[in-house]
Amino acid sequence: MAQPLTDSRLANLGANAIHQAFHVYQNRFAAITRRAKSRFENRDCNGMAGDAAERLDIYGKVVEQILADIRQLLNRRVHDKLIWASMKAVYSGLIATRDNWELAETFFNSVTRRIFSTVGVDPQIEFVDTDFEAPPTPAKAPVYRTYTRAASTAALIENILADCRFQVPYQDLPRDAQLVANEIENRLRVIGAMRFVDRVEMIKAVFYRGQGAYLAGQIFSGVHQIPLVLALLNTPHGLVADAVLLHEDDASILFSFTRTYFHVEVERPYDLVHFLKAMMPRKRLAELYIAIGYNKQGKTELYRDLLHHLAASDDQFEIAPGARGMVMAVFSMPAYDVVFKIIKDEFPQPKETTREAVMAKYRLVFKHDRAGRLVDAQEFEHWQFERRRFSQALLDELQRNAAATVVIDENHVIIKHLYVERQVTPLNIFLREADEAAARAAVLDYGNAIKDLAASGIFPGDLLLKNFGVTRHGRVVFYDYDELCLLSECSFRVMPASRTYEEEISAEPWFSVRENDIFPEEFGRFLGLQGDLRESFLEHHAERKGAKPMAKPTVLKNLLPACKHLARITWLAFLFFSLIEKIAVAQPVKSKALKLVIQAAVQSVRAGEEFEIEVALRDANDQAVPAAKDMIVEIKARTESDSVVMTATVTIKAGSSSEKLRVSLPEAGLIYVWARHDELLTGGLNFLVKKPIAKPDSLLPSEEVPPPDMEKPRAPLAQPRPILTLRYSPQRHFLADGQDQALIQAFLLNADEIPATEIRLRLFNSAGEMAPPPPLVIQPGTDVGASTLISNKIQTVKVELLSTMPPADLQGPKEFHISFAPPITQLELRASPPVITLVDQAELLVRLLDKDNNPVATDEPRLISLAIDAGRGEIEKKEPTIAPDKFEARTTFLPTWRGEVVISASTPNLPTTTFPLEVGLPLLTLSLTAVGGLAGGLIAFWTGKDSKWWRIAIGLITGFVLYWAFVFGVLTVLPRTVVLNPLSAFVLSTLGGWLGTEVFTQILKRFGLVSSKQPVSRKKR
């Protein structure tokens, strides 16, 4: 029997494991950062954005993996603080020679805080302040390169630019160097410095972000020291120096807390951050670490800075100035320029969001391009402060609105979860207190902030001034994220006109509004700007925001009374000659059933025994959803040899989301049970079916039980190893939407032969997220364990078993591949136009959409079946195919009778969708033919001799006949746009009215019923 490891051995192994994990994190971080240079050279903006998102995820993934390893290593002693204290000491020795020791300390803290959920700090097992009073390793080389005085400033700048070697040449290096030199010399003259540059210290590494590359350093001229940042842009014609920054404020904005993190390759972040600190003295170390991508280290520095401030002052936390929010409780410290935000327990109406949704918005901002307009928030857990540092008003506020998150005892306040942001002045307060020029500049930048966010794909949602703030540099930024959303999720609509006076003055809208419907013409009501500030804003931004500037008096206004009768006549003519179309008002989208799942209380059963399963409906968000109609679901069970051993059907009633039934599986082994319906994605579950328990046969009277052999001692039986097998649901591809779960099940096949024990399976997956994270655990006394895998990418994910604890034998494949397909969750059918006449046709458009109504291209041909469920008409192509890499197909509908026509579209594994199409009489065309016929008859009456008044009535009939004969006679020859338009209707019917009965002769000739040589008498008009 193996001896348990000693404390010192466990500490040594644990410290080395964490150190190795940190090494893995650093290598992955550096590998992605290293790509930035080639991304810039190749002008690969999308690749750069993808790298930025990928790099943000590395830290969490590596920490999750080492947490699983440490728990497996320490097992029941994972919370032994004595071992962790020893582990910290060993770890300190391991990182003492590293150039990034401070990052390694923070990494260790991340592991310990996840293990212990530490409240406050615990110096015994955490690095509260660095163990090293000074950097433990000397710098191998300075982080910067020095350039001494040259023949001219332009020559000096040309040397700096030439030393930054790229695969792309400069478009015109001497020109750019001279332009930069001119700006530097002008800056030196303004600040009263000497006109020459003594030296320049430039950071060797290049800072990459978005489409730009930046060189940063400092200029020294006599006693003056000014920052120098050169912005490079890669154009189709070569590199250019796009801008030069020579002010601390400009450099600070570039490294702002509202910007995406830089990609910069550096061996000693400590040296780089302190050089940047010398350039921008007002920047915290925390902000600089965050700016170069080490946001976890930035959080550590921010926390330590706050502790130092508390130790050196008696400041109290107070309710933050500004309007109280409905979602967040916000507090601050007057002498400390950050704010602390806690999500409230409940949100008053009209807020309909949730805590999880708010946190998701903050995660979105963390990973998205912040465009210099979104405040970066740092997320913390389990903070502890002395109660005396909180004002009583703030304590009352927290107890009233955030009791689930904040624990207050006699001496301390413990905050389980909060966000920390740089403090800015709320825009509504700034406009009230700033002078006229500053207020006007802020109002204009408020509009610019909205445009910048839109350019980055973000819509703020709530445009109230109190949700925007002004930084110390005068820039307007956005910081309230509970209504924020991606621009692609918004539906910008024109507000329908009110049909009655009552609708116009109604407090409630007279039309349906979906969750993300946006009405730009309403923006002006929520700006909160008055007087000159409003006029300034509208002057610069009205056309951008959809607001209409106020009309000014014109001459037309004075002529309006004289035109009153003409306007009435025009309106009546419009009513008479226009086709009145029905307005299709969009209805709120109801969640539809998308997939089937099978659930069971037990996944290990005996052959022949009945047990209960539940067949349930789920929507695209994997939530239970009621059936819109009765749905008959087919149930099948198959063995590993693909033989079907059980079939059944179950009906999920309309309004119900699930149905239960009792089944039995006749054969022992692993059996896969799945549910199927033509309109839904299949769902299945694996079951371990054991042999029935054999009943012992009674002994016959003649049989004797032999006595035990007392002479030979029995040898101890060898302990059998666990036998495991892995399974998943292979019946379908899963959706790459971050919601569709591939269930991975682990079965213990010989549970009856071994003692009950916990079995931990360490699984590797090439991509995607597993929940719960590895290891997959089979609890003692059970023989089934499960995990789920989701993915946001269209890919095939490899899942592999790496090891088990205790060691076990594996039956079946060690790895398998799970396919994640395009996240197509719904089929959209539209007709354009939605209202037609009997002589028109409508284009039918079928599109594949995701759960957010965005088009999604298919990866394989999709056959669409179109049918007419009600009404009469013809569909040109009833089974169009959506080709791979496409998301839509089109065909044409031709009506054959008036009334409502309901068209349905279906495709395998997606809910059938319908669209109502209204077919009406061609009132406009009929009206025009009648008017044209009357006009033609009137012309004939005026110009003909001896014409009678009924000649006008004859013109009405013959004009009508001529046009419709023309329609049915040449429609197949000429384009429909030529035949079926108001001008053709009016002209032809006028001609027919003028020809009179001659029309019938021409029509008979056209159809061959009368010879063209046969004389036809014509009465005098």
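β4 and β5 pair in the antiparallel sense over ten bridges. Strands here are DSSP runs of E with at least two residues, helices are runs of H or I with at least four, and both are numbered from the N terminus. Two strands count as paired if DSSP finds at least two bridges between them. The model is predicted: local features need pLDDT of at least 70, side-chain atom pairs count only at pLDDT 80 or more, and totals for chains, interfaces and linings use all residues. Residues are numbered from 1 along each chain as its sequence is written, and side-chain values use heavy atoms, with hydrogens and water left out.

**Strand β4 and its partners**

In the β4/β5 pair, I219 stands opposite I226 in β5. The two strands form a hairpin with two residues between them. G222 in that turn has a positive phi of about 60°. β3 and β4 also form a hairpin with two residues between them, and G210 in the turn has a positive phi of about 60°. Strand β3 (residues 207-209) runs antiparallel to β4 and is joined to it by three bridges. F207 has Y214 as its bridge partner in β4. Strand β2 (residues 199-203) is joined to β4 by four bridges, again antiparallel. R199 has F220 as its bridge partner there.

How many of the ten residues of β4 are buried? Ten of the ten are, so β4 is largely enclosed by the rest of the structure. Buried means under 20% relative accessible area, exposed over 50%, and partly exposed in between (1.4 Å probe, protein chains only). In a regular strand the side chains alternate between the two faces of the sheet. On one side of β4 lie G212, Y214, A216, Q218 and F220; on the other lie A213, L215, G217, I219 and S221.

**Helix α7**

Helix α7 covers residues 173-190. Its 18 residues should span 26 Å at 1.5 Å a residue, and its end C-alpha atoms are 26 Å apart, which agrees. The expected span is 1.5 Å times one less than the number of residues. L173, D176, A177, V180, A181, I184, R187 and L188 are buried in α7. Seen down the axis, these buried residues fall within an arc of 135°, so they line one face of the helix. The arc is taken from the directions from the helix axis to the C-beta atoms. They pack against α6 (153-163), β4 (212-221), β5 (224-235) and β6 (238-245), where contact means heavy atoms within 4.5 Å. On the other side of α7, R189 and V190 are exposed. G192 follows the helix, with a positive phi near 75°.

**A four-stranded sheet**

An open sheet has the order β38-β40-β45-β43, with antiparallel pairing. β38 (826-832) and β43 (873-875) are at the edges with a single partner strand each, so one side of each is left without a neighbour in the sheet. Six bridges join β40 (residues 842-849) to β45 (residues 888-895). E843 stands opposite T892 in β45.

**Backbone exceptions**

Most residues other than glycine have a negative phi, and most peptide bonds are trans. Two cis bonds precede prolines.

| Cis bond | Omega | Place of the proline |
|---|---|---|
| M805 to P806 | near 0° | P806: loop between β35 (795-805) and β36 (809-810) |
| S832 to P833 | about -5° | P833: loop between β38 and β39 (835-837) |

H382 is not a glycine, yet has a positive phi of about 60°. H382 lies in strand β10 (residues 378-386). At 22% relative accessibility, H382 counts as partly exposed. D642, also not a glycine, has a positive phi of about 70°. D642 sits in the loop between β23 (631-638) and β24 (644-652). D642 is exposed, with a relative accessible area of 56%.
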